[in-house]
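Work through the exercises below with the sequence and the model open. Try each task before reading its solution.

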Amino acid sequence: MFPINETMGQYSELFMLLAAGTYTVAFIAFAWDLAKSSKALKSIDLKAAAASTSAGMSAKVPVGAGVGSSASRSAGSGEDRLSGPADRAERPSSYASGAVNGAAGQTADDSMRYGERRAPARVAVALTVLGAAIHAAAVLTRAVGAGRVPWGNMYEFLTTGAFLVAAVFLVALVRRDLRFLGTFVVGLVIIMLVAASVAFWTPVGHLVPALQSYWLIIHVSIAVLSSALFTLTFAMSALQLVQSHRQKTISAGGADKLGFMRLVPSALSLENLSYRINAIAFIGWTFTLMFGAIWAEKAWGRFWGWDTKEVWTFVIWVVYAGYLHARATRGWTGTRAAWLSIVGYLCVVFNFTIVNQFFNGLHSYSGL
């Protein structure tokens with residue numbers, strides 16, 4: 001290995017470390033935003049309850065007592081306080097119309113627009129962008145050091161996959177305000193980077209002949225991108241289950257013990273968006289399966305050979321196909337749809353961890 005390869009590999013590892021540190025600070029900022037926002041919303045609710053109680057008491061005071069006008073002004077000021085610009089930044093339009101009570105303590109509207117958010121959320125997004133930029137430099141220096149695309153082993157797959165998860169999340173932020181997912185998505189990115197560095201680290205090296213094909217770029221790039229989308233929907237489905245349970249608890253008169261979930265859209269909104277993203281990811285996974293078969297014919301002379309990796313790639317396709325079909329035609333909505341989505345992602349994780357490490361097959365030598 002030439003010295004420049006070793007140097008670029010060292011730079012890559014340094015960038016990976018810096019990216020992980022930046023993501024960790026972003027994770028803390030996202031968590032701080034959820035905690036701080038939840039506390040602020042609780043304070044606003046207490047003021048709203050006090051204003052409502054004051055208004056109810058003033059209605060019982062005789063008109064000539066001289067107190068009603070003062071109490072009314074007090075109640076009115078409370079209403080003005082809740083509908084003012086500052087609180088519209090805290091509460092979206094759904095709150096102003098009283099939907100927060102109708103949706104079991106929900107604060108985010110179904111369009112997932114939150115208006116202005118406080119500094120922690122903006123700082124968290126900025127740090128995630130910085131972390132993704134450093135992460136991209138790490139992936140690129142790894143590619144330069146190896147003289148090829150950085151998808152030749154588990155370490156490279158995980159680090160590249162983690163970068164795409166962060167990139168997909170940031171791109172999604174352009175269209176939807178998904179900052180409530182920041183803690184969970186960035187947390188998954190950190191876990192992937194730690195796992196890559198601790199359990200799967202591999203020095204820069206060349207590919208075996210079977211992998212030296214343009215189909216590596218086509219097949220693996222689509223697989224990584226689809227997995228990144230599945231990671232996003234996994235986080236949404238997990239939040240959907242929590243939000244659904246919380247909404248049922250509040251509707252039944254129970255206490256709201258998960259105040260931060262009020263910044264998360266309703267379970268139905270999460271389910272609908274997760275379904276649409278899963279549909280896109282499923283198309284990508286279909287191409288992954290097709291291009292993998294074409295590559296297998298080029299490399300091994302057959303399209304399908306029931307190799308363990310091939311079987312599990314097909315299993316993932318079947319699970320997500322069942323999810324899309326069940327939800328679209330059989331009425332599998334709510335928690336059942338969320339669990340199917342989660343099972344599909346667990347199959348993805350199993351395929352790229354357990355199958356890669358503990359099952360022998362034609363794909364074993366690649367580290368993928």
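**Exercise 1.** Is Trp 306 buried or exposed?

*Solution.* The model is predicted. Start with location: Trp 306 is in the loop between helix 10 (267–300) and helix 11 (308–329). Next, take its relative accessible area, which is 64%. The cut-off for exposed is over 50%. Trp 306 is therefore exposed. Now look at its surroundings. Trp 306 belongs to a nonpolar surface patch with Phe 303, Trp 304, Phe 314 and Val 318. Together these residues offer about 540 Å² of accessible area.

**Exercise 2.** Describe the fold of the protein chain from its secondary structure and contacts.

*Solution.* Count the elements: 13 helices and zero strands. Then check burial: 48% of the 368 residues are buried. Then check contacts. Take those between residues at least 6 apart in sequence; 80% of them join residues at least 24 apart. Last, the surface: the chain exposes about 17600 Å², and carbon and sulfur atoms supply 68% of it.

**Exercise 3.** Which residues does Met 192 touch, beyond those up to four places away in sequence?

*Solution.* Find Met 192 in helix 8 (residues 182–199). Its relative accessibility is 16%, so Met 192 counts as buried. The cut-off for buried is under 20%. Its contacts are Leu 158, Gly 161, Ala 162 and Val 165. For a C-alpha distance, take Phe 157, 35 residues away along the chain: the separation is 9.9 Å.

**Exercise 4.** Examine two of the aromatic pairs and the burial of their members.

*Solution.* The structure holds 15 aromatic pairs. Phe 30 and Phe 169 make one of them, edge-to-face, with 6.3 Å between centres and 70 degrees between planes. This pair links distant parts of the chain: Phe 30 lies in helix 1 (residues 3–58) and Phe 169 in helix 7 (residues 154–175), 139 residues apart. Phe 30 is buried at 1% relative accessible area. Phe 169 is buried at 0%.

Trp 304 and Phe 314 also pair edge-to-face, at 6.1 Å centre to centre and 75 degrees between the planes. Trp 304 is in the loop between helix 10 and helix 11, while Phe 314 is in helix 11. Trp 304 is partly exposed at 30%. Phe 314 is partly exposed at 36%.

**Exercise 5.** Which ring does the charged end of Arg 327 sit over?

*Solution.* Arg 327 places its charged end over the ring of Tyr 275, 4.4 Å from the centre. Arg 336 lies over the face of Trp 332, at 4.7 Å from the ring centre.

How values were computed:
Residues numbered from 1 in each chain as written. Predicted model: local features only at pLDDT ≥ 70, side-chain atom pairs only at ≥ 80, totals over all residues. Heavy atoms only, no water. Helix = DSSP H or I, 4+ residues; strand = E, 2+ residues; numbered from the N terminus. Buried < 20%, exposed > 50% of the residue type's maximum accessible area, 1.4 Å probe, protein only. Contact = heavy atoms within 4.5 Å. Areas by Shrake-Rupley, 256 points an atom, 1.4 Å probe, with all protein chains shown as cover. Patch = residues over 30% accessible without salt bridge, like charges linked within 9 Å, V, L, I, M, F, W, Y side chains within 5 Å. Salt bridge = Lys/Arg side-chain N within 4 Å of Asp/Glu carboxyl O. Phe/Tyr/Trp six-rings, centres within 6.5 Å; stacked < 30°, edge-to-face > 60°. Lys NZ or Arg CZ within 6 Å of the ring centre and 35° of its normal.
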